[in-house]
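Colleague: I'd like a close look at a single part of this model, and I'm happy to leave the choice to you. Please spell out the cut-offs as you go, since I spend my days at the bench.

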Amino acid sequence: MRNSGMNVLISLASCFCRRATAITNSSVVLEWNASQDNVGVSGYEVRNGTWLLDTVRDTRYQVSGLSSNTTYSFSVIALDAAGNRSDGSVIWVTTSAESN
């Protein structure tokens, strides 16, 4: 958890409860529980490894354009209105093999 001043962002690692659903050979839907913060959560960074995919306000994100039968490391980082960032919480997902 990174903290500036007196604003404290609750780490996603303690309340994240992440899920990967609708896994296909080229996409996955990531879902997580909302984080809480004393100044308000402003959004979430969704990452594939170190690559920033998007910053969203929702607690659900569909990742597409993936390769089949490949393992990916996704993480979500909560952001608050004061500029604080939570630690990332990682979920490993393997896409399904292409069907013939």
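Modeller: Helices here are DSSP runs of H or I with at least four residues, strands are runs of E with at least two, and both are numbered from the N terminus. With that in hand, the elements of the protein chain read β-β-β-β-β-β-β from the N terminus on, that is, zero helices and seven strands. Please keep in mind that this is a predicted model: local features need a pLDDT of at least 70, side-chain atom pairs count only at pLDDT 80 or more, and totals for chains, interfaces and linings use all residues. Residues are numbered from 1 along each chain as its sequence is written, while side-chain values use heavy atoms, with hydrogens and water left out.

Let me take the four-stranded sheet as our part. Two strands pair if DSSP finds at least two bridges between them. This open sheet has the order S4-S3-S6-S7, and its pairing is antiparallel. Its edges are strand S4 (51-56) and strand S7 (89-94), each of which pairs on one side only. On average, neighbouring strands of the sheet are turned by 25 degrees against each other, direction ignored; the axes behind such angles are lines fitted to C-alpha atoms (for helices, over the stretch in contact), and angles run from 0 to 180 degrees between N-to-C directions.

Now let's walk across the sheet. S4 and S3 are joined in the antiparallel sense by five bridges. The hairpin of these two strands has two residues between them, and glycine 49 there has a positive phi near 65 degrees. S3 and S6 also run antiparallel, joined by seven bridges. Glutamate 45 is a handy marker here: threonine 55 in S4 stands opposite glutamate 45, and isoleucine 77 in S6 is also a bridge partner of glutamate 45. Finally, six bridges pair S6 with S7, again antiparallel, and on this seam phenylalanine 74 stands opposite isoleucine 91 of S7.

Phenylalanine 74 leads us into the interior. Buried means under 20% relative accessible area, exposed means over 50%, and partly exposed lies in between (1.4 Å probe, protein chains only). Phenylalanine 74 counts as buried because its relative accessibility is 1%, and tyrosine 72, at 12%, is buried as well. A nonpolar core is a set of buried Ala, Val, Leu, Ile, Met, Phe, Trp, Tyr and Cys residues joined through side-chain atoms within 4.5 Å. The largest one has 15 residues, and Val28, Leu30, Trp32, Val63 and Phe74 touch the most other members. S2, S3, S5, S6 and S7 each give two or more residues to this core, with S6 giving the most, namely four.

Leucine 30 shows who meets whom, taking contact as heavy atoms within 4.5 Å. Leaving aside neighbours within four places in sequence, its contacts include Val46, Val63, Phe74, Ile91 and Val93. For the protein chain as a whole, 62% of contacts between residues at least 6 apart in sequence join residues at least 24 apart, and 36% of the 100 residues count as buried.

What about the aromatic rings? Rings of Phe, Tyr and Trp (its six-membered ring) pair if their centres lie within 6.5 Å; planes under 30 degrees apart count as stacked, over 60 as edge-to-face, and the rest as tilted. That rule gives two aromatic pairs. One is tryptophan 32 with tyrosine 44, edge-to-face at 5.5 Å centre to centre and 65 degrees between the planes. Tryptophan 32 lies in the loop between S2 and strand S3 (41-48), and tyrosine 44 in strand S3, so this pair ties together parts 12 residues apart in sequence. Both tryptophan 32 and tyrosine 44 are buried. The rings of tyrosine 72 and phenylalanine 74 count as stacked because their planes are at 25 degrees, with centres 5.9 Å apart.

One last stop beside the sheet is asparagine 69, in the loop between strand S5 (60-64) and strand S6 (71-80). Its phi is near 50 degrees, a positive value in a residue other than glycine. Most residues other than glycine have a negative phi. Asparagine 69 counts as exposed because its relative accessibility is 56%.
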